[in-house]
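Student: I am new to this structure and would like a close look at a single part of it. Please pick one loop and walk me through it, along with whatever it touches.

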Amino acid sequence: MLIKQVEFIKSATKAPHYPPGDLPEIAFAGRSNVGKSSLINALVNRKNLVRTSSTPGRTQLINFFNVNGQFTLVDLPGYGFAKVPLAVKKQWGPMMEHYLAKRANLRGVILILDVRRIPVAEDIQMLHWLQSYAVTPILVVTKCDKVSRNERGRQARIIAQTLGVAPEDLNFFSALNKEGKDQIWQRIESALSEKEPGNSAAADETT
Ligand SMILES: Nc1nc2c(ncn2[C@@H]2O[C@H](COP(=O)(O)OP(=O)(O)OP(=O)(O)O)[C@@H](O)[C@H]2O)c(=O)[nH]1
Ligand SMILES: [Mg+2]
């Protein structure tokens, strides 16, 4: 993917505040601190388009970015961080389901997992939502620079088994050495070029 132009559009929590959904869209989901913002920055070759943080759970808004005037990338709020206030935690599920149900232009969601960790309940929940809203999941296992090849293989089997997917469905990535970037772009491009997914009907129903 040739990146000519990337710009922040806006932040939102609810559908009335989302930017117009006239371009195909790809969203990034995962636990707090898993590396969502780092992956977006790496994909668009920018060091700090999206703020990365050492304080997990900082991004509680849905952030929209336009790429080349052609499609939208969306940084979704992270989940699963223990220190986030309960009131904020309770908002996550409805905010996510609302977004997934309403966003008819959504073509795929990149679900990001830490190579060193077993997927949590919210990861599995997210995958189930994607299946029920017919949104293409793209599974990315990140921070691969932190483990050996052997450890990666072992973890990949556990992660795939916990999620109920084939190990071949996992895309390995590292924001440090950019391993896996081209393959992830290929998956994104193929999701972007898919025809209208089945969730446009669901969006109409709930309006
Ligand atoms: N070694 C290594 N560190 C990474 C990688 N990806 C992210 N990090 C680090 O992990 C921390 C969190 O990264 P972010 O990209 O901010 O994670 P996030 O998922 O956007 O976090 P929230 O927005 O708080 O939910 C930062 O210190 C990053 O530098 C990676 O592939 N390898
Ligand atoms: Mg972030």
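**A loop and its surroundings**

Tutor: Let's start with aspartate 145: apart from residues within four places of it in sequence, aspartate 145 is in contact with Ser174, Leu176 and Asn177. Please keep in mind that this is a predicted model. Aspartate 145 sits in the loop that runs between strand 6 and helix 4. With one of those partners there is a polar contact, since the side chains of aspartate 145 and serine 174 are joined at 2.7 Å. Aspartate 145 is partly exposed, because its relative accessible area is 34%. For a sense of scale, leucine 130 is 15 residues from aspartate 145 in sequence, yet their C-alpha atoms are 28 Å apart in space.

Now look at lysine 143, which is placed in the loop between strand 6 (136-142) and helix 4 (149-163). What surrounds lysine 143, once neighbours within four places in sequence are left aside? Its contacts are Asn33, Val34, Gly35, Asp114, Val115, Arg116 and Phe173. Lysine 143 is buried and takes part in no salt bridge. The nearest side chain of opposite charge belongs to aspartate 114, 4.3 Å away, while a salt bridge needs the atoms to be within 4 Å. A polar atom of the lysine 143 side chain does lie 2.8 Å from the backbone oxygen of asparagine 33.

Where, then, does aspartate 114 find a salt bridge? Its partner is arginine 116, with the closest N and O atoms 2.8 Å apart. Side chains of opposite charge can pair when their charged atoms come close. Aspartate 114 counts as buried because its relative accessible area is 7%, whereas arginine 116, at 40%, is partly exposed. Both of these residues are among the contacts of lysine 143.

Following the chain onward from the loop brings us to helix 4. There, glutamate 151 and arginine 154 meet through their side chains in a salt bridge of 2.5 Å, N to O. These two residues are about one helical turn apart, because three residues separate them in helix 4. Glutamate 151 is partly exposed, with a relative accessible area of 25%, and arginine 154 is partly exposed too, at 44%. A search of the whole structure turns up four salt bridges, and you have now met the one between arginine 116 and aspartate 114 and the one in helix 4.

Terms used. Residues are numbered from 1 along each chain as its sequence is written. Chains are lettered from A and ligands numbered from 1 in the order in which they are written. This is a predicted model: local features need pLDDT of at least 70, side-chain atom pairs count only at pLDDT 80 or more; totals for chains, interfaces and linings use all residues. Side-chain values use heavy atoms; hydrogens and water are left out. Helices (H or I, at least four residues) and strands (E, at least two) are DSSP runs, numbered from the N terminus. Buried means under 20% relative accessible area, exposed over 50%, partly exposed in between (1.4 Å probe, protein chains only). Lys and Arg count as positive and Asp and Glu as negative; His and the chain ends are not counted. A polar contact is a pair of N or O atoms within 3.5 Å; within protein, one must be able to donate a hydrogen and the other to accept it, and residues adjacent in sequence count only if both atoms are side-chain atoms. Contact means heavy atoms within 4.5 Å.
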